[in-house]
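Colleague: Could you take me through one helix pair in this model up close, and then show me what surrounds it in the rest of the chain?

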Amino acid sequence: MTAPTPTADHVRAHVRAFILHSCLLGAAPEELLDDTPLVSGGIVDSLATVQLVAELEERYGIAIEPHEAGVAFMDTVRDIVALVMGKL
Amino acid sequence: MTAAAAPPGVLAGTPRLTGTPHDLRRFLATLLQLAAAVGVAWLFRIESDRRLVPVLALVLGGFAVHAWLPWRWRPWWFLALSLGAIQIVLHPESILPIALIGGALIALCHLPVPYRARVLLVTVAVGALAVLRLRGGGPAFGLLGSMFMFRLFLYLYDLPHEREQVPLAQRLSYFFLLPSAVFPLFPVVDPTTYRRSWYSADASIIHQEGVTWLFHGMVHILCYRLVYYHWTLGPSSVHDVGALAQFVVSGYLLYLQISGMFHIIVGILCLFGHHVPRSHNRYYLASTFSDLWRRINIYWKDFMLKAVFYPIVLRSRSRGTGTIVAATLAVFLTSWMLHSYQWLWFRGTFPVTWQDGLFWCILGLLVALNSVREQRRPRRRAMAGQRPGMRGALSLTLRTIGLFLAMSVLWSLWTSAGIGEWAALWRLDGPHPWRGSGAVAVALVVAVLVGVAAQRVSGRDWTLGRLSRPVSFARSAATTGAGLAALLILGLVPRIWTPSSRPMMVLAALQETRLSEVDRKRQAAGYYEGLLTFELTNTALWDVGAKRRMPGIATTPIWRFTGDFFDSELVPSMSLAWGDGVLHTNRWGMRDRDYSLAKPPATYRIALVGGSEEMGIGVNDDEVAEAVLEENLNRSPVGEQHFEILNFSLFGHFAIQRWMALDRFAWRFQPDAVFFPGHDVDGEGTVGVLATSLRYGKAVPFPWVRDLLARAHLDSTIPLQLGKRRLAAYSDTLLLWAYRQVVSDCRARGVVPVWIFIPSVYETRRPGLGERDEARLAREAGFVVIDLTGVYAEHSAAELRLTPWDPHPNPLAQRLIADAIERRLREPALARGLGLLDGAAPEPRAPIRSARNTRSTEYR
């Protein structure tokens, strides 16, 4: 029996929780929008990106390529969700 | 009325397209601000030598059309505008090679062969082009390099991972990017980011952001000019703590020009829908080295993360501290090499210097240490709306000031002429080395108070990564519009009222694109020092090299080095097409027409011994002031005699060498008068010649000068800038000594010594400042003095100089000089003094208090 495929909402909640906990300690959750610029806005830096990539790879059993770990594919929560969902 | 909305599925390459129809009012508001921005750029001549103003005019018209085009046509329209910008900036003949070579490189990326083969082919092609560039390829290579030499590899890197169909126009416009034509220092933009950011938010908001970035960019450039024109110092002026602080801090502040350019670039891209990330985000407010790295050139940072950092870290089994440190160091080492690679395309050399290596290694190490610290203690950010406490505000302020000062010092190392020169900067051996300490302390205290107060009053700090509210169009348009209106008013003021007061002159100077006084003098003195190899980046002089259209004369066959203190001379009987003019030498090695050795009967001969201005750098043979003056005097003679003016002027020669030129060349032509031009850089230039000769082990053939060098504790082990600093205190003494040698030699031969002051083209007025020091020295030495101050009074510097970065007199300025000398020679008193009227002998002069007896016999 295999685990059910996570939904976009599930991934979204997970990504938001990671960012709020690791990069925006103390911020009100409702302030983090789906299109808040994370990398280009200086919220998620390279170290946080590495941690986030590790988290996503481990949680969802996916592989995120080096060219995907940056502003082009991970600049917003929406981008990250799309990236993960595209690999599931 | 609305602009066209994106029909679904039209642009498969831009899946995040969320551009929405915008109303006419928003469009007109943006258009109006953009027109104001063009007006500001025109009034302040923002990057005018890069032809930004006509390109912005193109952007204005292009934007007005682009915003209403159907989506599918917009990329093609942007591509057409980009090619139009290249047409504006480059000579037409450069465009076809760029288009053909660029097109071929893109085609190589898409050849139907395996991916590795394509990478190899592109690498070979780029290598071949690099060899051509190293062998002296023209300026088009700079633009070609800017457009292709980084983007091509990023493009190839992303090519196998493309998941969507990319329109051809977007592929092409990624390379032929509109702002690249004006700003070649913007080589790196990520192709995926470029495509995916296209209308990734509301169109009117993106367009408004574009105008806002244009405005910010212009403010940065104006601030840069304020610092550059009024606050920079040359290293030879650093004698005390105050000057040292000013030198170091002002050098780092000059980076404002680069950040201004980046803002303008991002602004232009936003106006055409490319919502690329913000760069140079308040980088002077960074509080750690990592913070600075995240704020400053984020395009470069993202490039390095993508190409170096993530591949190392994510492909590593261990993603621990060691891997992070190794990857970070690899990023900075790669940055070092790639910066040299960038210079290869701009300047045709691949500089590998200790300064570069140290700068990148130190910065890399500091960022790595910061990263390790942050890995263990993640950054905490203040909650939105949380007012910083006093302790937190003070801590952030101190860290910010500390980082700013540390970066200023590191920057001064990077931009120094050498490690020894940089170390010498800190040896303050002036008579009052601690002078300025009080002012520095006060400035630091004020900075701390302002930093704390700004946080407490505004209720927020300046840490990066805050959650911000969505951009409000109305608020952004109002603030940007008001700012642009203020700049327009400031730009108009000096055009309506003639600048007379100091603030008005500062405001007028903001509208100029030129070298600062410090750089102008360094440039003049630097001809001898070889500084125009453009290794210096602390000033705008590096830019001179990038813009220079002609090779340095010292690299051409018409120039040869003598191997002694005299240094160099022209090769006889040669011809050189140089810049826009032609330079001929006669059989005697003068830049002049031919003359017989024996003076013809009834001829008045003048020997002119000057420097680059008198030699006529950048103008044709018949446009040099000497040639114009000779022709005018013979057309309407003073007295009964024919005139011959023999031009012995030599590029990069100052007072002592000009005096030597009399002995080497002039006396055998039996001149009746010697014209010895004076400039405001003569003291600095003479000091530079001596310091450089000493540094490079050339024997100084004059005992009196050698004694002076010994008194100044100078020998060949002293770094160049330190030597210049020490010698600066003797510049008047040296000038007077050289002047006296000239006068003494003239007297011994019955020749009239005439000193002619020729002002800089920037000195169009000199109200109420009295006699200049150089004229006083010349008079004291016994010269007949002709002061041409005010010769340019009816003209602006822009009308008189060769180019914005080359202040040598252009043909108009040369003619004004010739006319002014002619007028003076026709004054009866002066004409009699020179023996031009009625065969009168030169006026007797007082005996010279000469240092002649101290002159070396070694040289004779």
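**A helix pair in chain B**

Modeller: Let's start with the residues that touch. Ala655(B), Ile656(B), Gln657(B) and Arg658(B) in H26(B) meet Asp682(B), Thr686(B), Val689(B) and Leu690(B) in H27(B), where contact means heavy atoms within 4.5 Å. Sorted by class, this contact has four nonpolar, two polar and two charged residues; Ala, Val, Leu, Ile, Met, Phe, Trp, Tyr, Cys and Pro count as nonpolar, Asp, Glu, Lys and Arg as charged, and the others, Gly among them, as polar.

Keep in mind that this is a predicted model, in which local features need pLDDT of at least 70 and side-chain atom pairs count only at pLDDT 80 or more, while totals for chains, interfaces and linings use all residues. Residues are numbered from 1 along each chain as its sequence is written, chains are lettered from A and ligands numbered from 1 in the order in which they are written, and side-chain values use heavy atoms, with hydrogens and water left out.

Now the geometry. H26 of chain B covers residues 655-666 and H27 of chain B covers residues 682-695; they pack at an angle of about 80°, with their axes 8 Å apart. That makes H26(B) roughly perpendicular to H27(B), a label for angles of 65 to 115 degrees. The axes are lines fitted to C-alpha atoms over the stretch in contact, and angles run from 0 to 180 degrees between N-to-C directions.

Stepping back, chain B has 34 helices and 11 strands, taken as DSSP runs (H or I, at least four residues, for helices; E, at least two, for strands) and numbered from the N terminus. Of its 860 residues, 58% are buried, meaning under 20% relative accessible area with a 1.4 Å probe, protein chains only.

As for the interior, the largest nonpolar core has 170 residues, and Ile19(A), Phe148(B) and Met407(B) touch the most other members. A nonpolar core here is a set of buried Ala, Val, Leu, Ile, Met, Phe, Trp, Tyr and Cys residues joined through side-chain atoms within 4.5 Å. Helix H10 of chain B (residues 203-230) gives this core its largest share, 13 residues. A second, separate core of 70 residues includes Trp578(B), Phe665(B), Ala666(B) and Phe757(B). Back in the largest core, Met407(B) touches Tyr252(B), Phe289(B), Leu292(B), Phe359(B) and Leu363(B), leaving aside residues up to four places away in sequence.

Note on methods. Angles under 35 degrees count as roughly parallel, over 145 as roughly antiparallel, 65 to 115 as roughly perpendicular and the rest as oblique. Buried means under 20% relative accessible area, exposed over 50%, partly exposed in between (1.4 Å probe, protein chains only).
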